[in-house]
Amino acid sequence: MPYRVETDSMGEVRVPREALYGAQTQRAVDNFTIAPRPMPRTFLRALARLKAAAASANKAVGALDSATADAVIDAAQAVAGGAHADAFPVPVFQTGSGTSTNMNMNEVLARLASQASGMAIHPNDHVNCSQSSNDVIPSTIAVAASLGLRSALLPAVEQLETELRRRGREFEDVVKTGRTHLMDAMPVSLGFELCTWAEQLLEARQRCEDLLPRLQALPIGGSAVGTGVNVPSGYVAALLAALNEATAGGFAAAAMPSTRMSAQDASVECSGGLRGLALVLIKMSNDLRWMASGPLAGLGEIQLQALQPGSSIMPGKVNPVLPEAVLMAATEVLGNDATIALAGQSGSFQLNVMLPLIGDKLLAGIELLTDSCKALQQCVAGLEPCREHAAATVARNPVLVTALNPVIGYEAAAAIAKRAYAEQRPILEVALEDTTLSREQLAQLLDPLRLARNPGEQ
């Protein structure tokens, strides 16, 4: 492979001739070889957005001349838009500050800006002006996560909520057996179950929305240790104005940048919000699998859309593939959360030194959950109830006798339930023999649809 020779403060380095990056990126590629997967593209695009805003701010405060700043801005906006994605090979497992990724971006933008403008634009002196990796990288984590939440995950959660409520209204008269401890309990409607999931999703979404102001408080301007060394007056305000204009975001300056540089509490909190949402999706997926189990030897209460053959040996078998895929994705989110919590402990004095790992896992969780919500929305849209089977199962449910407790007492009701179960007969028939209640009274008291409705709906 043809090479060119680049230099940095440590000397000469051979770099692939056509590479947009320079010496420091090449050193990182050579040195960091542990399972080398690159940083997430959403992270790199957020970093480019931040670099564009920084150049705009440096222009506003006079730290960079207009021509240099504009060249950097143009290059950064191109990368933020998805261009030159293959120019960022630095892996996740690198220096804990993310300095190598910061320099990778600085070098690429400097080269692009130099080529476009004909000027000599330096990665440190110009692209990294008024910045340090120590405030840029944690700010990028927050920007990327915030944008991912606002533009992708939260809308996907809301769309799944909407679909659940729509189908919940459609199935509010489909009565099925409720279950506690996986044992038969009082009847519920299928619509009631779907709307319960929707309410869980609403609360999970609200928790994520509530943490956004803390996540969007950036440490940018803290420079090396949070004290703002080499940061000119007015720079932070100008950067935030440019960033918010570009992203329609609510980004603000952290009261003390050091809190976001020495620690990653906001990222840990955000990961906790993702964990809570993942648990809701796991609950939904498991319930869907149980309800669709069968079709003969399982619960058989619903049918999921048949998407693909379910077995390489058993013809005609169809499996709940989307809920299973979501379960795996959500389980990975739980593992990511544990990783982020452990990485959050790695703040020593003025810097957390697991920033790339935190960014990687946090953004992966947002992507996994976004796609999982879309998959479950498709699943819910395609499910159909097995109405007759569900109704027949409810009719044989001895626990229906609970509705007679206020009239005949717990002990008498328990005796009826035991006899009905032993003789495999409907509760109504046994209660007609063992009580003085009329068939009409029993039919009203034991009506599954009445029992499945909330008291306020009756």
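Guide: Welcome! A polar contact is a pair of N or O atoms within 3.5 Å, where one must be able to donate a hydrogen and the other to accept it. The model we are looking at is predicted.

Visitor: What makes the pairing of the Lys176 and Glu301 side chains a polar contact?

Guide: The two side chains come to 3.0 Å of one another. The cut-off is within 3.5 Å, so the pair at 3.0 Å qualifies as a polar contact.

Visitor: How do you know whether Lys176 is buried or exposed?

Guide: Its relative accessible area is 3%. Buried means under 20%, so Lys176 is buried. Lys176 sits in strand β3, and the residues it touches include Pro187, Val188, Met291 and Val394.

Visitor: What makes β3 and β4 a pair of strands?

Guide: Pairing takes at least two bridges, and β3 (residues 175–180) has six bridges to β4 (residues 183–189), so the two strands pair. They run antiparallel. One of the bridge partnerships links Thr177 with Pro187 in β4.

Visitor: What lies between β3 and β4 in their hairpin?

Guide: Two residues separate the strands, and His181 in this turn has a positive phi of about 60°.

Visitor: Let's turn to the helices. Why are α6 and α12 called roughly parallel?

Guide: The axes of α6 (residues 133–170) and α12 (residues 355–382) cross at roughly 15°. Angles under 35 degrees count as roughly parallel, so α6 and α12 earn that description. Their axes come within 9 Å, and α6 passes α12 in a left-handed crossing.

Visitor: Glu161 is in helix α6. Why does Glu161 count as buried or exposed?

Guide: Its relative accessibility is 4%. Set against the limit of under 20% for buried, that value puts Glu161 in the buried class. Glu161 touches Ala198, Leu201, Leu202 and Arg205, leaving aside residues up to four places away in sequence.

Visitor: And what about Ala204 in helix α7: how do you know whether Ala204 is buried or exposed?

Guide: The reasoning runs along familiar lines. Ala204 has 1% relative accessibility, and buried means under 20%, so Ala204 counts as buried. Ala204 touches Leu277 and Val280, again leaving aside residues up to four places away in sequence. Ala204 and Arg275 are 71 residues apart in sequence but 9.4 Å apart in space, C-alpha to C-alpha.

Visitor: Which residues of helix α1 are buried, and what do they pack against?

Guide: In α1 (residues 23–31), they are Ala23, Thr25, Gln26 and Ala28. The buried residues of α1 pack against β1, β2 and α4.

Notes
Residues are numbered from 1 along each chain as its sequence is written. This is a predicted model: local features need pLDDT of at least 70, side-chain atom pairs count only at pLDDT 80 or more; totals for chains, interfaces and linings use all residues. Side-chain values use heavy atoms; hydrogens and water are left out. Helices (H or I, at least four residues) and strands (E, at least two) are DSSP runs, numbered from the N terminus. Buried means under 20% relative accessible area, exposed over 50%, partly exposed in between (1.4 Å probe, protein chains only). Contact means heavy atoms within 4.5 Å. Axes are lines fitted to C-alpha atoms, for helices over the stretch in contact, and angles run from 0 to 180 degrees between N-to-C directions. Angles under 35 degrees count as roughly parallel, over 145 as roughly antiparallel, 65 to 115 as roughly perpendicular and the rest as oblique. A crossing is left-handed if the near helix is turned anticlockwise from the far one by less than a right angle, and right-handed if clockwise.
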